[in-house]
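Subject: Structure handover

Hello,

Here is the structure we spoke about. Please open it alongside the notes that follow.

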Amino acid sequence: MATLVVPENVSYADDAQALRKACQGWGTNEKAIISILGHRNAAQRKQIRLAYSELFQEDLVKRLESELNGDFEKAVYRWVLDPEDRDAVLANVAIRKSGDYHVIVEIACVLSSEELLAVRRAYHARYKHSLEEDLAAHTTGDIRKLLVGLVTAFRYEGDEINTRLTNSEADILHDAIKDKAFNHEDVIRILTTRSKAQLMATFNRYRDDHGSSITKDLLDEPADEFKTVLRTAIRCLNDHKKYYEKILRNAIKKVGTDEDALTRVIVTRAEKDLNDIKEIYYKRNSVPLDQAVANDTSGDYKAFLLALLGKEE
């Protein structure tokens, strides 16, 4: 379930005019920007951008970038983009940050096949390269094989499961981990081609047959870059809500909040399943997520995140 609270009747022209007014004169009216954009879904935000462009012959995204700053600007900028365009930007930033692969894995493994295809199209349009081309240019060896395989996957989305495959592939994964052959071509093949339903059944079979989860067995091994990417992919494919809860927990518990991670999860999940992630967070930490966010952030950035979490200050 989403956390975003959206009004039923919206006038896109009125919203565009109110945003224009918020950006004019001495000082920006950040509260007005939050009250509008913090309560509009992706389809509505697109219409507001179009109305703004039509009325004022100006790009709303660029105007907001020039008016706002810091973590608040970054959060609003990411929120106001179309979801697929936002993910294309997140992917490009991650590619250019050498070794920052978890964002790529999230996009490749959490999104549906159609959503991932839309991100790849948006990436083409924005950067005049393919996502896989840029990813391949910035990676090598086994990590390149795994990541390019994940971002180019078009997984079957149905619930059908092949039990025979579940049993055999659980054994293949177990043997690879036992033999420390983490980069075995079958491991990469299974993770980059099977449907999520099939993979979840395989991971459950692995746990039932071998007494511990595949992620725990990987964690017990000495860490390296490839194993970290492998484990992130498995966690995102198996239970992305629990994965995101941990990202939020780590972002908030850090000495000095990890605003990038906090913004990314709230902005990308507010229209999808952030309510479920909030519930997991509360069960795990005994503190409501909005309270934890409010304690760890400040100013307009805090107000905007709380609006996306469905809580006003």
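**Pockets first**

The largest pocket holds about 650 Å³ of space. Its lining has 33 residues, and those closest to the centre are His102, Thr228, Thr232, Tyr243 and Ile247. Five elements give two or more residues each: α6 (83–96), α7 (102–110), α14 (214–219), α15 and α16 (259–269). Helix α15 gives the largest share, 12 residues. By class, the lining counts 14 nonpolar, 5 polar and 14 charged residues.

The second largest pocket holds about 450 Å³. It is lined by 20 residues, with Thr215, Arg235, Asn238, Asp239 and Lys242 closest to its centre. At least two lining residues come from each of α13 (196–210), α14, α15 and α17 (274–285). Here too α15 supplies the largest share, 10 residues. The classes are 6 nonpolar, 4 polar and 10 charged.

**How to read the numbers**

This is a predicted model, in which local features need pLDDT of at least 70 and side-chain atom pairs count only at pLDDT 80 or more, while totals for chains, interfaces and linings use all residues. Residues are numbered from 1 along each chain as its sequence is written, and side-chain values use heavy atoms, with hydrogens and water left out.

Helices are DSSP runs (H or I, at least four residues), numbered from the N terminus. Pockets and cavities come from a 1 Å grid over the protein atoms alone. A pocket is an open set of points with protein on both sides within 12 Å along at least five of seven lines; a cavity is a set where a 1.4 Å probe fits but cannot get out; lining residues have an atom within 4 Å of a point. Points are joined across faces, edges and corners, and a volume is the space filled by probe spheres set on them. Ala, Val, Leu, Ile, Met, Phe, Trp, Tyr, Cys and Pro count as nonpolar, Asp, Glu, Lys and Arg as charged, and the others, Gly among them, as polar.

**One cavity**

The whole structure has 1 cavity of 30 Å³ or more. Its volume is about 40 Å³. Residues lining this cavity include Ala108, Leu111, Leu150, Arg155 and Lys196. The lining divides into 5 nonpolar, 2 polar and 2 charged residues.

**Arg235**

Arg235 sits in α15 (residues 225–253). Which side chain of opposite charge is nearest to Arg235? That is Glu245, 6.9 Å away; Arg235 is buried (under 20% relative accessible area, 1.4 Å probe, protein chains only; exposed is over 50%, partly exposed in between). Arg235 has no salt bridge (a side-chain nitrogen of Lys or Arg within 4 Å of a carboxyl oxygen of Asp or Glu). For charge, Lys and Arg count as positive and Asp and Glu as negative; His and the chain ends are not counted. Beyond its neighbours within four places in sequence, Arg235 is in contact (heavy atoms within 4.5 Å) with Thr215, His240, Lys242, Tyr243 and Lys246.

**Salt bridges**

The count comes to 27 salt bridges. One of them joins Arg264 and Glu106, at 2.7 Å from N to O. Arg264 is in α16 and Glu106 in α7, so the pair ties together parts 158 residues apart in sequence. Arg264 is buried at 7% relative accessible area, and Glu106 is buried at 4%. Helix α7 itself is mostly covered, with 8 of its 9 residues buried.

Glu132 pairs with Arg120, the closest N and O atoms being 3.0 Å apart. Glu132 is in α9 and Arg120 in α8, 12 residues apart. Glu132 is buried at 19%, and Arg120 at 17%.

Asp273 bridges to Arg269 at 2.9 Å between the closest N and O atoms. Both Asp273 and Arg269 are buried. Arg20, Glu58, Arg63 and Glu67 are linked in a salt-bridge network.

**Backbone and a long-range approach**

Most residues other than glycine have a negative phi. Gln57 has a positive phi, near 50°. It lies in the loop between α3 (42–56) and α4 (60–67), and is exposed at 65% relative accessibility. Lys128 also has a positive phi, near 60°. Its place is the loop between α8 (113–127) and α9 (131–137), and Lys128 is exposed at 64%.

Ala303 is in α19 (residues 299–308) and is buried at 14%. Its C-alpha atom is 9.6 Å from that of Glu30, 273 residues apart along the chain.

Best wishes
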